[in-house]
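User: I am new to this structure and would like a close look at a single part of it, the place where the protein meets the RNA. Please take me through that part with care, and then set it in its wider surroundings.

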Amino acid sequence: MPRITLPDGKVLEFPQAVTGKQVAETIGPGLAKKAIGVKLDGTEIRDLARPIDRDCTIKIITAKDDDPDALYLLRHSAAHVLAEAVCAVFPGTQLAYGPPVDDGFFYDLKTPRPVTEGDFATIEAKMQEIVGQNRPFTRCELSAADGLARTANDKYKNDNAQRALAKGDDKLSFYVSGEPGRDWEDLCAGPHVPSTGWLKASKVMSVAGAYWHGDQTSDQLTRIYGTCFADEKGLKQHLHRLEEAKRRNHRKLGKEMSLFHIEEDNPGQVFWHPNGWSIYVTLMEYMRQKQRKYGYVEVHTPSVMARSLWERSGHWEKYRENMFTTESEKRDFAIKPMNCPGHLLIFKQGLKSYRDLPLRIAEFGSCCRNEASGALHGIMRVRGFVQDDGHILCTDEQVGQEVATFCRMLTEVYADFGFGIDRITVKLATRPAQRIGDDATWDHTEKTLGDAVTAAGLKFVVSPGEGAFYGPKLEFTLVDAIGRGWQCGTIQLDPNLPGKDRFDATYVAEDGSRKNCVMLHRATLGSLERFLGILIEHFEGKFPLWLAPEQVRVIPISDAQLPFAKGVQQRLVDAGMRATIDEQPNSLGAKVRDARLARVNYFAVVGQKEVDEGAVALQNQAGDKLGTLAVDAFVARMLEEVAQKRLPAAMTTGA
RNA sequence: GCCGAUGUAGCUCAGCUGGUAGAGCAAUGCUUUCGUAAAGCAUAGGUCGCGGGUUCGAGUCCCACCAUCGGCUCCA
């Protein structure tokens, strides 16, 4: 007698177990036609055809692009269609694993020959054929023994089956795309849409390598990525977003705007050009001011440090393959990959009192990490970079307060770049399996971090087991203008490095005893290189005035206005603006075009009329004509916009 | 590091089954001094990622390497 509660609170009672389909039909035939699955008690998504035999709340899932549950069902099902198509195109293919992911799904398989992009059309054609046949997804449940027998000759599926059983399942389910015994089938927990006909808006996206279980020493598999939406419109929008991302690509814009380059002979190291360096320095100076306001002292520590120091910090043992090492007079050295040891060494100079704590040490630390060649990615992932790094040395009792204050500073900083609270997500990474310290300490520190985030007005999600071995951490992710997430800020608690066995950073407590500090590693922007890459893509190269490399370009209409125009430019430069002048003997149209393409924020056109009036005719990058302004008013307006760090209207968010 | 793809002028790209490397933009020179997204003409510019090999002959075919891109892995 299941009692089923609908989203509006209405309760339906049935004399015996019913399927989701039947529930939907009871509510209305229109809904039943559109339904692709159900969600029970807000957690369990089920096939429409599976019986519901308990009291529960229900949500009928219909095929909609804005419902994550619907996309989950569609994509999980589309993965099966893809896999079937690949098996048909490449006989002998072995299936491994095919889950839905953000933006789509993938299927890992072992194919008899490498799959290339050239094969996509063939695979897609086969997929459309399967979709066109509108075959039902049929669930078959088998006992553990029968299920294992059915996968006996299939290395990966058998492994999956055993894992499922080890997790506590007592049955194994298979899904047949059509009629059992005749059509293609796959070991799968489900759930799926009713039939393949729902999967019209599917597309094969890319192919990549992947390892079985993500283990480098295990089998190399082929991973085919695809996506699926409820309808063509959703798919089209998705493809449009990808195009948009391509248009904003920081490598493309970096070249176009001459911000930086990377030499082919020197992978992972950035050569900053004048325009890029201008933004970089502005960023750095901005953070310097902000940190000063929040009580940090700035230091600078050596780039190359002796092996003995890296041994003491533990890096030589644990982080060796990521460090660039060198040698001098038979002694080993390493280029620093992190700044923490240097900061501890500064802390240890002289005797510290509890009155000196918390000590907040900041450094724009230039670090090198020997990243795997395949991991490099424009300026987002490089081997040489600068962090807005900082370490707070404090007592256990001060941790909560320090984390809360850091969260406040971070939200303030992010807001200045247009990332309001609605564009920040926070993750609390908790104790991993391999760790030091007792559970009571972990309980306490995890709670302290969580409370501090809440106190700053932010929400967080817990990421179990993702913490460092020595302590929990918070990770702050920005959501950019086209909805992509970028993890930037972080703060993590570390009692290990300042502890007795490492650097033994102590202070004299109120009672005269020596105690060890704890340390908070923290960064707001993270790597400046990466953060700037994010900003380039977020703003599409159209930076807010305070960050822009070329803020104003003065454009004289003809040489006759050159002296006046130069005077205007000089006024701007004297006022601290980054202003240039276009002296080319081109038509005005050409000069305006150049300025807009160069993404100059404002251009001040000076013709004879403006010279006579002591004014400029102003236009912005977007092409809005802003009228004629007296030079004084113009300069004041620019300075005000810089001072306010005003963002383009489209880039401001709530909160 | 692993899997797949890519690499031709400063940039964006064309170059078929092997036969002396091409366009647009940019650059340079001259002319034009122009009222809000492209003035005209001319000139110059390439060891086809690098190294081998096959061939009478290689941008094109083969092998190895490097870099980049999409992923994987890594991110004490």
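Analyst: For sorting residues by class, Ala, Val, Leu, Ile, Met, Phe, Trp, Tyr, Cys and Pro count as nonpolar, Asp, Glu, Lys and Arg count as charged, and the others, Gly among them, count as polar. In those terms, the surface near RNA strand B is made up of 22 nonpolar, 19 polar and twelve charged residues. The model in front of you is a predicted one, and every value below was computed from it.

In total, 53 residues surround RNA strand B, and the closest of them are Q220, S373, P585, R596 and Q619. Seen from the side of the RNA, 47% of the atoms of strand B that lie within 4 Å of the protein belong to sugar or phosphate, while the rest belong to bases.

Several elements of secondary structure each supply at least two residues of this surface: the strands β14 (201-211), β15 (220-229) and β34 (615-620), together with the helices α8 (250-256), α11 (315-318), α17 (588-597) and α18 (608-613). Among these contributors, α17 gives the most, with seven residues.

Some polar contacts reach the bases themselves. In the side chain of Y211, an N or O atom is 2.9 Å from a base nitrogen of RNA strand B. R381 places a polar side-chain atom 2.9 Å from a base oxygen of the strand. With S313, by contrast, a backbone N or O atom is involved, and this atom lies 3.5 Å from a base nitrogen of RNA strand B.

To set this surface in its surroundings, it helps to know that chain A is divided into domain 1 (3-62), domain 2 (68-245), domain 3 (279-538) and domain 4 (552-652). Between the C-alpha centres of domain 1 and domain 3 there is a distance of 49 Å.

Two pairs of helices show how parts of the chain pack. Helix α13 (residues 399-416) and helix α14 (residues 439-455) have axes that come within 8 Å and cross at roughly 35°, and the crossing is right-handed. On the α13 side the contact is made by V399, G400, V403, A404 and C407, and on the α14 side by T448, L449, A452 and V453; by class, these residues divide into seven nonpolar, two polar and no charged.

In the other pair, the axes of helix α16 (residues 562-574) and helix α19 (residues 631-643) come within 10 Å and cross at roughly 35°, again with a right-handed crossing. Here F564, V568, R571 and L572 of α16 meet V631, D632, F634, V635 and M638 of α19, and the contact has seven nonpolar, no polar and two charged residues.

Finally, a few details of the backbone deserve a look. Most residues other than glycine have a negative phi, and most peptide bonds are trans. A cis peptide bond joins G190 and P191, with omega about -5°, and P191 lies in the loop between β13 (185-187) and β14, a strand already named as a contributor to the surface near RNA strand B. The peptide bond from L357 to P358 is also cis, with omega near -5°, and P358 is found in the loop between α12 (340-347) and β22 (359-368). D504, a residue other than glycine, has a positive phi near 50°, and its place is in the loop between β27 (485-494) and β28 (506-508).

Methods: Residues numbered from 1 in each chain as written. Chains lettered and ligands numbered in written order. Predicted model: local features only at pLDDT ≥ 70, side-chain atom pairs only at ≥ 80, totals over all residues. Heavy atoms only, no water. Near = heavy atom within 4 Å. Polar contact = N/O pair within 3.5 Å; in protein donor to acceptor, adjacent residues only side chain to side chain. Helix = DSSP H or I, 4+ residues; strand = E, 2+ residues; numbered from the N terminus. Axes fitted to C-alpha atoms, helices over the stretch in contact; angles between N-to-C directions. Left-handed = near helix turned anticlockwise from the far one by under 90°. Contact = heavy atoms within 4.5 Å. Domains from an automatic or database assignment.
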